[in-house]
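Visitor: I would like a close look at a single part of this structure. Please take one element and then move outward from there.

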Amino acid sequence: MQVIICESPEQVGSRAADIIEVRVRQGPAVLGLATGSSPSGTYRELIRRHREEQLSFSDATAFTLDEYAGLPLDHDQSYHSTIRREFVDHVDLPLSRLLTPHGDAEDLRAEAVRYDEAIREAGGVDIQILGIGANGHIGFNEPTSSLNSRTRVKTLAGATRSDNARFFPGGEVPQLCLTQGLGTIREAHQAVLVALGANKAGAVRAMVEGPVSAFCPASVLQLHPRAVVVLDPEAASQLQ
Ligand code: F6R
């Protein structure tokens, strides 16, 4: 695991974008996209490079990491809509190649299996972009998730539902989600995890310096041959 400590959140976005840009310029790339606040600076920087430096995503394919169950793709708070708003609608990645688990599928378990197979059929994810939860989750793999898990239906942790309640004013935060599993994420050829802010410092320490353990799902990246963790000084503040 390579750890890069940057001087500012802007530098984190730029450093993570550098890694993604290298792969995208090499030819058709399969990207794994996380939502949330952590990678938003990275997406902003990739959009800027698309607009100002001819970085093209026209040959790329993207798989989102997770999705709420029960929401149609076009729901304002679905991760499909979110990743469109934050990234995909601002670059030239064809919408037909933005793939998301369908949270409104009648048979969620079958949908999870289908999604996992679709990733395999695409040749696997070339670069998986990740954020980390304050409890060490990646995707929606909450603590105690199996390190070998595949894409599946999960119950959202109470803490995660409270964290995300701000996005559902007056409405219920979904109770279930579909998420790529830790085994699925581990198969990405490269992983770039971005963490910002002091509230991630404990999780970052557990991920980088703690034991590989289902109690900190992100620690599974210690086993990944090409995982890069890009941090701002606050997120890095508890590293020894
Ligand atoms: C979202 C996802 C989550 C987030 C994590 C951090 O697709 O995979 O694991 O990356 O909850 O969220 P933020 O970045 O909003 O703190």
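Which residues of helix 3 (residues 79-86) are buried?

Guide: The model is a predicted one. In helix 3, the buried residues are Tyr79, His80, Thr82 and Ile83. Viewed down the axis of helix 3, these buried residues fall within an arc of 165°, so they line one face of the helix. An α-helix has 3.6 residues a turn, so residues three or four places apart point the same way. The buried residues of helix 3 pack against three strands: strand 2 (30-33), strand 3 (61-64) and strand 4 (66-68).

From there, the annotated positions come next. In an unreviewed entry, UniProt lists Asp66, Asn135, His137 and Glu142 under "active site". Asn135 is found in the loop between strand 6 (127-130) and strand 7 (152-155), and Glu142 is also found in the loop between strand 6 and strand 7. Glu142 is buried, because 22 other C-beta atoms lie within 10 Å and the cut-off for buried is 20 or more. Asn135 has 18 other C-beta atoms within 10 Å and is therefore partly exposed. Asn135 touches Glu142, and also Pro143, Ala157, Ala159 and Ala203, leaving aside residues up to four places away in sequence. On the same terms, the contacts of Glu142 include His137, Lys154 and Thr160.

Last, the nonpolar interior. The largest nonpolar core has 63 residues, and those with the most contacts inside it include Ile132, Val192 and Leu193. Helix 1 (residues 9-26) gives the largest share of this core, 6 residues. Leu193 touches Leu130, Ile132, Ala218, Leu221, Ala227 and Val229, not counting residues up to four places away in sequence.

Notes:
Residues are numbered from 1 along each chain as its sequence is written. This is a predicted model: local features need pLDDT of at least 70, side-chain atom pairs count only at pLDDT 80 or more; totals for chains, interfaces and linings use all residues. A nonpolar core is a set of buried Ala, Val, Leu, Ile, Met, Phe, Trp, Tyr and Cys residues joined through C-beta atoms within 7 Å. A residue is buried if 20 or more other C-beta atoms lie within 10 Å of its own, exposed if 12 or fewer, and partly exposed in between; C-beta atoms are placed from the backbone. Helices (H or I, at least four residues) and strands (E, at least two) are DSSP runs, numbered from the N terminus. Two residues are in contact if their C-beta atoms, placed from the backbone, lie within 7 Å. The arc is that of the directions from the helix axis to the C-beta atoms. UniProt positions are given in the numbering used here, feature names are shortened, and annotations may be inferred rather than shown by experiment.
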